[in-house]
Amino acid sequence: MTTTYTVFQEQLPELFRQWSRECALYVPARAAEGFYDFRPWHEHLEVAWEYDVAYNSPKRYLLPPRETLIRYDLAAYTAEPVFEAPAQILFGVHPYDLKALNQLDQIMEGGSPDQNYMRRREATLIMALDPLTVSPTAFWGSIGADKVNHGYDLYWTKIGPASFLVQVGSARGEELLRRAGEPMKATAADREAARRAKLRALSLTRANALKYNWEETPRILGRSWDSPIWRKYAVMCLACGSCNLVCPTCYCFDIREEADDRLEKGERFRAWDGCMLESFARVAGNHNFRPKALDRYRHRYFRKGKYIYDKLGELGCVGCGRCVRACTAGIANPLAVFNELWEESGNEY
Ligand code: SF4
Ligand code: SF4
């Protein structure tokens with residue numbers, strides 16, 4: 001059976017203090033009115049236990065928006081690979097975001113493993129936290145992203161006004177928990193309280209639900225290539241790429257180089273890219289294989305609902321709802337589009 005402990009809120013400041021001495025510690029905090037984000041922990045920062053969703057997904061700590069890969073010096077004929085992998089703890093990651101990180105692990109480890117990503121991942125400890133509130137645009141409960149059973153070092157569930165059930169996911173996590181003394185073994189009643197807390201969180205997501213079993217999404221998409229729904233929404237798309245940038249499961253990047261003004265020293269870096277940007281599919285000879293908004297718009301949904309499923313057996317969308325909030329045109333909602341496609345298919349699934 002998994003090891004579980006009961007930890008009290010009063011123990012947390014000392015734990016955070018100890019951890020932050022050893023590595024960077026990021027926790028959810030209030031960023032602006034109604035918005036939350038991960039922030040470096042410090043003594044006076046209030047942890048937002050009840051945050052609904054972090055504005056930016058935690059993927060940026062493993063795949064930064066810009067990351068140097070090589071530094072070169074032409075005069076000295078040198079080119080050195082750069083691996084930056086600071087030790088870090090991501091505390092308070094909600095299950096849907098953890099699911100997205102687990103997906104990112106599979107993508108980055110597959111084929112020829114991405115060394116920069118792998119080193120950052122190895123240097124990162126993840127502490128999951130069950131949500132207490134749910135963003136009005138989230139739908140993770142109806143697409144199987146409410147449960148995740150691996151990828152974390154510790155998993156925290158609030159079971160009382162000042163107590164947590166902590167599930168151990170790794171020896172490294174358990175060792176960190178001991179920094180403030182020997183933790184108390186959880187009782188059967190505490191485990192039952194955690195089970196109820198998870199069900200309570202899940203019930204809060206019922207307001208936004210898929211109208212069919214999420215596993216049918218690839219089949220629904222498979223029959224929707226020529227649907228008029230794509231054009232109906234694509235004409236409103238501003239090709240801003242915001243839906244890609246906020247998405248925890250988007251991982252595309254572009255590789256570029258920057259040299260100094262004498263063209264002697266420089267660096268090769270990667271930077272996030274997005275399939276909704278017009279330039280994304282432009283290749284040599286100025287050929288663009290997805291030149292129209294309709295192509296790009298449809299592609300994003302196929303990516304989320306079919307291509308990733310065909311590869312990994314799960315949707316490439318975890319239902320965080322960030323894209324819904326980020327899209328100024330109000331057309332980036334996978335839940336709404338998948339439901340509409342299902343209705344168009346005659347509710348066959
Ligand atoms: S597609 Fe939207 S709802 Fe789905 S994981 Fe990405 S940002 Fe979240
Ligand atoms: S769907 Fe919305 S967020 Fe995405 S590129 Fe188009 S306008 Fe921007």
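Which residues are buried in helix H11 (residues 334-344)? They are Pro334, Leu335, Val337, Phe338 and Leu341, where buried means that 20 or more other C-beta atoms, placed from the backbone, lie within 10 Å of the residue's own (12 or fewer is exposed, and anything in between is partly exposed). This is a predicted model, in which local features need pLDDT of at least 70, side-chain atom pairs count only at pLDDT 80 or more, and totals for chains, interfaces and linings use all residues. Residues are numbered from 1 along each chain as its sequence is written, while chains are lettered from A and ligands numbered from 1 in the order in which they are written.

**Overall build**
- The protein has 11 helices and 14 strands; these are DSSP runs numbered from the N terminus, with helices (H or I) of at least four residues and strands (E) of at least two.
- Buried residues account for 38% of the 349 residues.
- The radius of gyration is 22 Å, which agrees with the value near 20 Å for a compact globule of 349 residues; it is taken over C-alpha atoms, and the globule rule is 2.2 Å times the number of residues to the power 0.38.

**Two domains**
- Domain 1 covers 4-64 + 75-203 and domain 2 covers 214-344, with bounds from an automatic or database domain assignment.
- The contact between them takes 23 residues from domain 1 and 18 residues from domain 2; residues are in contact if their C-beta atoms, placed from the backbone, lie within 7 Å.
- On the side of domain 1 that touches domain 2 there are 12 nonpolar, eight polar and three charged residues (Ala, Val, Leu, Ile, Met, Phe, Trp, Tyr, Cys and Pro count as nonpolar, Asp, Glu, Lys and Arg as charged, and the others, Gly among them, as polar).

**Around helix H11**
- The cover over the buried residues of H11 includes helix H6 (217-222), helix H7 (228-234) and helix H9 (293-312).
- Just after H11, glycine 346 has a positive phi of about 80 degrees.

**The two ligands**
- Ligand 1 has 13 residues around it, of which Cys247, Cys317, Cys320, Arg322 and Cys323 come nearest; a residue is near a molecule if its C-beta atom, placed from the backbone, lies within 6 Å of it.
- Ligand 2 is also surrounded by 13 residues, the closest being Cys237, Cys240, Cys243, Met276 and Cys327.
- The shell around ligand 2 holds 11 nonpolar, two polar and no charged residues.

**Arginine 172**
- Arginine 172 sits in helix H4 (residues 171-177) and counts as exposed because it has 11 C-beta neighbours inside 10 Å.

Technical notes: Contact = placed C-beta atoms within 7 Å.
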